[in-house]
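Reader: I should like to take a close look at one part of this model, with attention to side-chain packing and to the contacts around it. Please set the answer in the context of the other side-chain pairs and the strands.

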Amino acid sequence: MRWDHLGDGPSALFGTEVVSRTFDTPEFRGITFHEVRARSLVNRVPGGSRMPFAWTVNPYRGCSHACVYCFARKTHSYLDLDTGHGFDSQIVVKVNAPELLRRELARPAWRGEHIAMGTNVDCYQRAEGRYALMPGILTALRDRANPFSVLTKGTLILRDLELLRQAAEVTDVGVSVSVGFLDRELWRTVEPGTPAPERRLDVVRTLRAHGIGCGVLMAPVIPFLGDAPEQLRATVRALAEAGAESVTPLALHLRPGAREWFLSWLAHHHPHLVPRYERMYADGAYAPTWYQRRITRQVHEFATEFGIGPARSGEARRIRPKRPGTTPDGPPERPAEPTQLTLM
């Protein structure tokens, strides 16, 4: 790994001291944690990105959710770590994240812009159960009244309900849960380290019960495996019954790193689909525009049927929780074109 020179010079990502720990316990068996002290935490999103926000915070690199399609896999190669099983089992933990964020938010140059979390790897993955970085991060954001959003597949976010509620009293807080499909067999193979879809729906219910608005990123919609109209309709209906305030569908995209890993998985589990995928993604990482439009139209129609309004671009991570004495801004407008973001 590149730990030695990563600590050299003012632009280094981490300090030179790295502690690697492997725990032989059921919840962490086979996972190695590399504990590092980051040099910076608030990261600017590249100008050409499709993201609807400019700043992110990522306390972890690598993710034990092990989603075979995760676009963030490529980032592990920057540390000479494997983008396949290594991404799932070699987790970099920025142990100084809360204190570092507090310092960065206090800098005179910081303008209090929106910070998105969970858009690279999940900040509520299993590692968070051990390192508990998010309470300190949420506290720092709350104390500065800095707007933020969280996207997660994890149920551990419920541990921090009170902090989310407190933050929502002083700033805009967005919470979104990612649920792309309900099929349990598909879930067990394509997202093996995540909580089951029904448990994520329970997160939506619990957040709403505590007055915290929650949208759903219906992602990814997986071609030929999770995109039949009856599958989409069943998923949207379940989201509505759970109390989701909005639903944003995103078709599967396959960037380098994720593409190779996903196609390897596909060849093992659904070899007959490999030629169809090679044709569909022949021109790049994204599904064809006609396909994105079809999925978006169908999901929006089902959302209307079940009483959920489709979110504006970026709304899935910028939902204002309901507060006493406030009135809603009205229903979101339906986007003219499908929104295809590069998220988890």
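Which residues in the largest nonpolar core touch the most other members?

Author: The model under discussion is predicted, and the values below are computed from its atoms. Within the largest nonpolar core, which has 90 residues, the members that touch the most others are Met117 and Phe262. In general terms, nonpolar side chains in soluble globular proteins tend to be buried together.

The surroundings of methionine 117 may be listed explicitly. When neighbours within four places in sequence are set aside, methionine 117 is in contact with Val57, Cys123, Met134, Ile137, Leu138, Leu141, Phe148, Ser149, Val150 and Leu151.

Phe262, the other residue named for the core, leads to the aromatic side chains. Phe262 belongs to a cluster that ring pairs build together with Phe224, Trp265, Tyr277 and Tyr281. A pair of aromatic rings is described by the distance of the centres and the angle of the planes. The model contains eight aromatic pairs. One of these joins two members of the cluster, tyrosine 277 and tyrosine 281, in a stacked arrangement with 5.8 Å from centre to centre and 10° between the planes. Tyrosine 277 has a relative accessible area of 1%, so this residue counts as buried. Tyrosine 281 is likewise buried, with a relative accessible area of 1%. Another pair is formed by tryptophan 290 and tyrosine 291: the ring centres are 5.8 Å apart and the planes meet at 85°, so this pair is edge-to-face. The two partners differ in accessibility. Tryptophan 290 counts as exposed because its relative accessibility is 53%, and the cut-off for that class is over 50%. Tyrosine 291, by contrast, is buried at a relative accessible area of 1%.

Charged side chains also meet aromatic rings. The charged end of arginine 276 sits over the ring of phenylalanine 224, at 3.9 Å from the ring centre; phenylalanine 224 is itself one of the residues in the cluster with Phe262. Elsewhere, arginine 130 places its charged end over the ring of tyrosine 131, with 5.7 Å to the centre of that ring.

Glutamine 292 offers a polar example within a helix. This residue lies in helix α12, which covers residues 289–306. Its relative accessible area is 9%, so glutamine 292 counts as buried. Its C-alpha atom is separated by 6.2 Å from that of alanine 251, although the two residues are 41 residues apart along the chain.

Helix α12 also takes part in a salt bridge. Side chains of opposite charge can pair when their charged atoms come close. In the whole structure, 14 salt bridges are found. In one of them, arginine 233 meets glutamate 305 with an N to O distance of 2.3 Å. This pair links distant parts of the chain, since arginine 233 lies in helix α9 (residues 229–242) and glutamate 305 in helix α12, 72 residues apart. Arginine 233 is partly exposed, with a relative accessible area of 32%, and glutamate 305 is partly exposed at 43% relative accessibility.

Helix α9 holds a further salt bridge within itself. Arginine 237 pairs with glutamate 241, and their closest N and O atoms are 3.3 Å apart. Both residues lie in helix α9, four residues apart, which is about one turn of the helix. Arginine 237 is partly exposed, with a relative accessible area of 43%, whereas glutamate 241 is exposed at 54%.

A third example involves sequence neighbours: arginine 142 forms a salt bridge with aspartate 143, the closest N and O atoms being 2.8 Å apart. Arginine 142 is partly exposed with a relative accessible area of 22%, and aspartate 143 is partly exposed at 43% relative accessibility. Arg102 joins these two residues in a network of salt bridges.

The strands complete the picture. An open sheet is formed by four strands in the order β1-β2-β6-β5, with mixed pairing. Strands β1 (19–22) and β5 (60–61) stand at the edges with a single partner strand each, so one side of each has no neighbour in the sheet. Strands of a sheet pair through backbone hydrogen bonds, either parallel or antiparallel. Strand β2 (residues 32–36) and strand β6 (residues 90–94) run parallel and are joined by five bridges. Histidine 34 has valine 92 in β6 as its bridge partner.

Terms used: Residues numbered from 1 in each chain as written. Predicted model: local features only at pLDDT ≥ 70, side-chain atom pairs only at ≥ 80, totals over all residues. Heavy atoms only, no water. Helix = DSSP H or I, 4+ residues; strand = E, 2+ residues; numbered from the N terminus. Buried < 20%, exposed > 50% of the residue type's maximum accessible area, 1.4 Å probe, protein only. Phe/Tyr/Trp six-rings, centres within 6.5 Å; stacked < 30°, edge-to-face > 60°. Lys NZ or Arg CZ within 6 Å of the ring centre and 35° of its normal. Core = buried A, V, L, I, M, F, W, Y, C linked by side-chain atoms within 4.5 Å. Contact = heavy atoms within 4.5 Å. Salt bridge = Lys/Arg side-chain N within 4 Å of Asp/Glu carboxyl O. Pairing = 2+ DSSP bridges.
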